[in-house]
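Trainee: I have a new model open on my screen and I'd like to learn how to read it. Could you walk me through it?

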Amino acid sequence: MNNKFLSLLGMARRANMLSQGRDASVAAVKGRKAKICFISSDASQRLEKEMRTVCEGRETLVIRTPYTMAETGFAVGNKTVGVITVNDEGFKAKMLELLNGQDDFCLLYTSDAADDRISVD
């Protein structure tokens, strides 16, 4: 796993700063712990829509990654993971820095309050 983004996800998991899976991610967003939400490339449209809906009105970005559920799961020590939320501002900032200028990530949702603090191309 040479990708810095996936390595950083693994580091965030070891630091206990991730919520993995639909239920844990929804709870983190509703509890206002989640800072950013990543959805795997092969996750369902229903999951994507649900996470965008849950994140509306909260300062949680939703980004679709180019990584499959298997790749994401491997990075965080699971078999497959469709959605992950990062629950720490420091990890969020570093991940956005890594994403900056990469074309294969897709910003799906951002609140107005978060718009001026991000620059994902």
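**Strands, helices and what lies between them**

Mentor: Let's begin with a strand pair: β2 and β3 run parallel and are joined by four bridges. Keep in mind that this is a predicted model.

Trainee: Okay. Which residue of β3 is the bridge partner of Ile 36?

Mentor: That's Leu 61. Now follow the chain: it leaves β2, passes through α3 and arrives at β3, a β-α-β crossover that is right-handed.

Trainee: Which way do the side chains of a strand point?

Mentor: In a regular strand they alternate between the two faces of the sheet. Here, in β3, Leu 61 and Ile 63 point one way, while Val 62 and Arg 64 point the other way.

Trainee: Are those four residues of β3 buried or exposed?

Mentor: All of them are buried, Arg 64 included.

Trainee: Let's try a helix. Which residues of α4 are buried?

Mentor: Helix α4 covers residues 69-76, and its buried residues are Thr 72, Gly 73, Ala 75 and Val 76. Looking down the axis of α4, you find them within an arc of 160°, so they line one face of the helix.

Trainee: And what covers the buried residues of α4?

Mentor: The cover includes α1 (4-14), β1 (18-20) and β4 (83-86). Gly 10 is a good residue to click on here: its place is in helix α1, and it touches Ala 75 and Val 76, leaving out residues up to four places away in sequence.

Trainee: Why does Gly 10 count as buried?

Mentor: Its relative accessibility is 2%, and the cut-off for buried is under 20%. Try a distance as well: the C-alpha atoms of Gly 10 and Phe 74 are separated by 8.6 Å, with the two residues 64 apart along the chain.

Trainee: What happens just after α4?

Mentor: Gly 77 takes a positive phi there, of about 85°.

Trainee: Next, the core. What should I expect in general?

Mentor: In soluble globular proteins, nonpolar side chains tend to be buried together. In this model the largest nonpolar core has 22 residues, and those with the most contacts inside it are Phe 5, Leu 9, Phe 38, Val 86 and Met 95.

Trainee: Which elements supply at least two residues each to this core?

Mentor: You'll find α1, β2 (36-39), β3 (61-64), α4, β4 and α5 (89-99) on that list. There is also a second, separate core, with 13 residues, including Val 26, Ala 28, Cys 37 and Ala 43.

Trainee: Say I pick Phe 5. What is in contact with Phe 5?

Mentor: Setting aside neighbours within four places in sequence, the contacts of Phe 5 are Phe 38, Thr 65, Tyr 67, Met 95, Leu 98, Leu 99 and Phe 105.

Trainee: Now the charged side chains. How many salt bridges are there?

Mentor: The count comes to six. For the general idea, look for a side-chain nitrogen of Lys or Arg within 4 Å of a carboxyl oxygen of Asp or Glu. One case is Glu 50 with Arg 46, at 3.8 Å from N to O.

Trainee: Where do Glu 50 and Arg 46 sit relative to each other?

Mentor: They are four residues apart in helix α3, which means that about one helical turn separates them. Glu 50 counts as buried at 18% relative accessibility, whereas Arg 46 is exposed at 62%.

Trainee: What else does Glu 50 touch?

Mentor: Not counting residues up to four places away in sequence, Glu 50 touches Arg 22 and Val 26. There's a network of salt bridges too, linking Arg 22, Asp 23, Arg 46 and Glu 50.

Trainee: Which residue forms a salt bridge with Glu 48?

Mentor: Arg 52 does, with the closest N and O atoms 2.8 Å apart. This pair is also four residues apart in helix α3, about one helical turn. Glu 48 is buried at 7% relative accessible area, and Arg 52 is partly exposed at 28%.

Trainee: What about helix α5?

Mentor: Lys 94 forms a salt bridge with Glu 97, the closest N and O atoms being 3.2 Å apart. They are three residues apart in α5, again about one helical turn. Lys 94 counts as partly exposed at 36% relative accessibility, and Glu 97 as exposed at 52%.

Key
Residues are numbered from 1 along each chain as its sequence is written. This is a predicted model: local features need pLDDT of at least 70, side-chain atom pairs count only at pLDDT 80 or more; totals for chains, interfaces and linings use all residues. Side-chain values use heavy atoms; hydrogens and water are left out. Buried means under 20% relative accessible area, exposed over 50%, partly exposed in between (1.4 Å probe, protein chains only). The arc is that of the directions from the helix axis to the C-beta atoms. Contact means heavy atoms within 4.5 Å. A nonpolar core is a set of buried Ala, Val, Leu, Ile, Met, Phe, Trp, Tyr and Cys residues joined through side-chain atoms within 4.5 Å. Two strands pair if DSSP finds at least two bridges between them. A crossover is right-handed if, with the strands pointing away from the viewer, the path from the first strand over the helix to the second runs clockwise.
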